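Open the model in your viewer and keep the selection tool at hand. We will go from stop to stop, and at each one you will be told what to pick and what is there.

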Amino acid sequence: MNIFNIIYSFKFDFETGVLKIGNASLNIYNGIFIFIKIISIIIVMYVAVRIIDKFIDKTIKKQEQFRFSLDKKRSKTIGAILKSVSKYSIYFFGIIGILTQFFGDKFLSTISVGVASIGGVAIGFGGQNLVKDVINGFFILLEDQYSVGDYITVDKDSGIVESIELRITKLRDFNGDLHIIPNSKITNVTNHSKGPKSITVDVSIAYEESIDKAIGVINSTCDKFSDKNEDVVEKPKVVGVTELTASGVTIRVKGTVKNMKQFDNETRLRKLIKEGLDKAKIEIPYNKVQFIRSE
């Protein structure tokens, strides 16, 4: 019987769109209209972010063709900052638009009061960290501490800078892990991408082999390695014998290559030296088991 009373209490006016449930009333048409406007605002936000991102990418790419232009890393960093600023701005105005649909036009009249007091409220609730993140982010950009694409170390985290935003820096390490670090936490930074980098290859030969012959083969291999290699800044060469181990003699090779090219060039040089020593029949020490037959 109670169910029938509830069903009987439902009244809907198709002209006005008002649904009455007992003493409560709800305008369905207005609700649908508000829902459509909210969806429209979300779509506009998404499209605006995409369009502005593409515009920034095109602008950054065009400025690289100018006579006086920023280097690629610097321009990518500025582009990332501009994208971050535009994204937060669009989200801010979009959220205001959505809230206005719920609370009406009177909500806009209270925005000025909210904006005026937001600083005090933010500080009261720990928002000072947000302010620190933004300020430190601007100083990172202004002082050119690092740029997008640089290999850096922040505390114990090392990796390639993937993005610099207003609040955070995204760092991708060589395992593929993404480290998201608040800018306010970045105090000590080691930038490994400033200037050329040295490469070091240690080669061991057996005690029975001629050191001078091995050095000659290695230097000859370094000459071939450096020929037409655009990464080489200072040609690798043997610097001398660095260690006498239990199994052999260690010879060190050092050179200088362009930044961020050291890892690839070290592996290539190590491979070529091994092939050169094999061709010259110079033995590299390794663990061997010998059986001595006594008669």
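A residue counts as buried under 20% relative accessible area, as exposed over 50%, and as partly exposed in between. Keep these cut-offs in mind for the whole tour. Note also that this is a predicted model.

**Stop 1: a nonpolar patch**

Select helix H2, residues 28–63. Now pick Ile32, which is found in that helix. Is Ile32 buried, exposed or partly exposed? Its relative accessible area is 45%, so Ile32 is partly exposed.

Next, widen the selection. Add Phe35, Ile36, Ile39, Ile42, Ile43, Tyr46, Val47 and Ile51 to Ile32. Together these residues form a nonpolar patch on the surface. Show the surface and colour the patch. Its accessible area is about 870 Å².

**Stop 2: a sheet of five strands**

Switch to the cartoon view. Which order do the strands of the five-stranded sheet take? Read across the sheet: S7-S6-S5-S4-S8. The sheet is open, and the pairing is antiparallel. Find the edges next. They are S7 and strand S8 (189–191), and each pairs on one side only. Turn the view to look for the twist, which averages 40 degrees from one strand to the next.

A word on what holds such strands side by side. Strands of a sheet pair through backbone hydrogen bonds, either parallel or antiparallel.

Now zoom in on one hairpin. Select strand S5 (residues 157–164) and strand S6 (residues 168–172). Four bridges join these antiparallel strands. Between S5 and S6 lie three residues. Pick Ile160 and look across to S6: its bridge partner there is Arg172.

Keep S6 and add strand S7, residues 178–182. How many bridges pair S6 with S7? There are five, again in the antiparallel sense. Check two of the partners:

- Ile168 has Pro182 as its bridge partner in S7.
- Arg172 has Leu178 as its bridge partner in S7.

So Arg172 appears twice on this stop: Ile160 has Arg172 as its partner in S6, and Arg172 has Leu178 as its partner in S7.

S6 and S7 also form a hairpin, with five residues between the strands. Select Gly176 in this hairpin. Gly176 takes a positive phi near 95 degrees.

**Stop 3: two loop residues with positive phi**

Stay with the backbone. Select Asp155, in the loop between S4 and S5. Asp155 has a positive phi of about 55 degrees, although it is not a glycine. With 52% relative accessibility, Asp155 counts as exposed, because the cut-off is 50%.

Then jump to Lys228. Where is Lys228? Look in the loop between helix H6 (211–226) and strand S10 (232–244). Lys228 is not a glycine either, yet it has a positive phi of about 60 degrees. Its relative accessible area is 79%, so Lys228 is exposed.

**Stop 4: a sheet of three strands**

Follow S10 into another sheet. This open sheet has three strands in the order S9-S11-S10, with antiparallel pairing. Why does one side of S9 and of S10 lack a neighbour in the sheet? Strand S9 (197–205) and S10 stand at the edges, each with a single partner strand, so one side of each is left free of a neighbour there. The twist averages 20 degrees from one strand to the next.

Select S9 together with strand S11, residues 249–257. Nine bridges pair them in the antiparallel sense. For one of these strands' partners, pick Lys197: in S11, its bridge partner is Val257.

**Stop 5: aromatic rings**

Show the side chains. The structure holds four aromatic pairs. Among them is Phe92 with Phe93, an edge-to-face pair with 5.4 Å centre to centre and 75 degrees between the planes. Phe92 is partly exposed at 44% relative accessibility, while Phe93 is exposed at 58%.

Now select Tyr151 and Phe263. They too form an edge-to-face pair, with 6.2 Å centre to centre and 75 degrees between the planes. This pair links distant parts of the chain: Tyr151 is in strand S4 (residues 151–154) and Phe263 in helix H7 (residues 262–279), 112 residues apart. Tyr151 is buried at 15% relative accessible area, whereas Phe263 is partly exposed at 40%.

Finish by adding Phe174. Ring pairs link Phe174, Tyr151 and Phe263 into a cluster.

Methods. Residues are numbered from 1 along each chain as its sequence is written. This is a predicted model: local features need pLDDT of at least 70, side-chain atom pairs count only at pLDDT 80 or more; totals for chains, interfaces and linings use all residues. Side-chain values use heavy atoms; hydrogens and water are left out. Patches are made of residues with over 30% relative accessible area and no salt bridge: like charges are joined within 9 Å, nonpolar side chains (Val, Leu, Ile, Met, Phe, Trp, Tyr) within 5 Å. Accessible areas come from the Shrake-Rupley method with a 1.4 Å probe; for residues, only the protein chains shown count as cover. A salt bridge is a side-chain nitrogen of Lys or Arg within 4 Å of a carboxyl oxygen of Asp or Glu. Buried means under 20% relative accessible area, exposed over 50%, partly exposed in between (1.4 Å probe, protein chains only). Two strands pair if DSSP finds at least two bridges between them. Axes are lines fitted to C-alpha atoms, for helices over the stretch in contact, and angles run from 0 to 180 degrees between N-to-C directions. Rings of Phe, Tyr and Trp (its six-membered ring) pair if their centres lie within 6.5 Å; planes under 30 degrees apart count as stacked, over 60 as edge-to-face and the rest as tilted.
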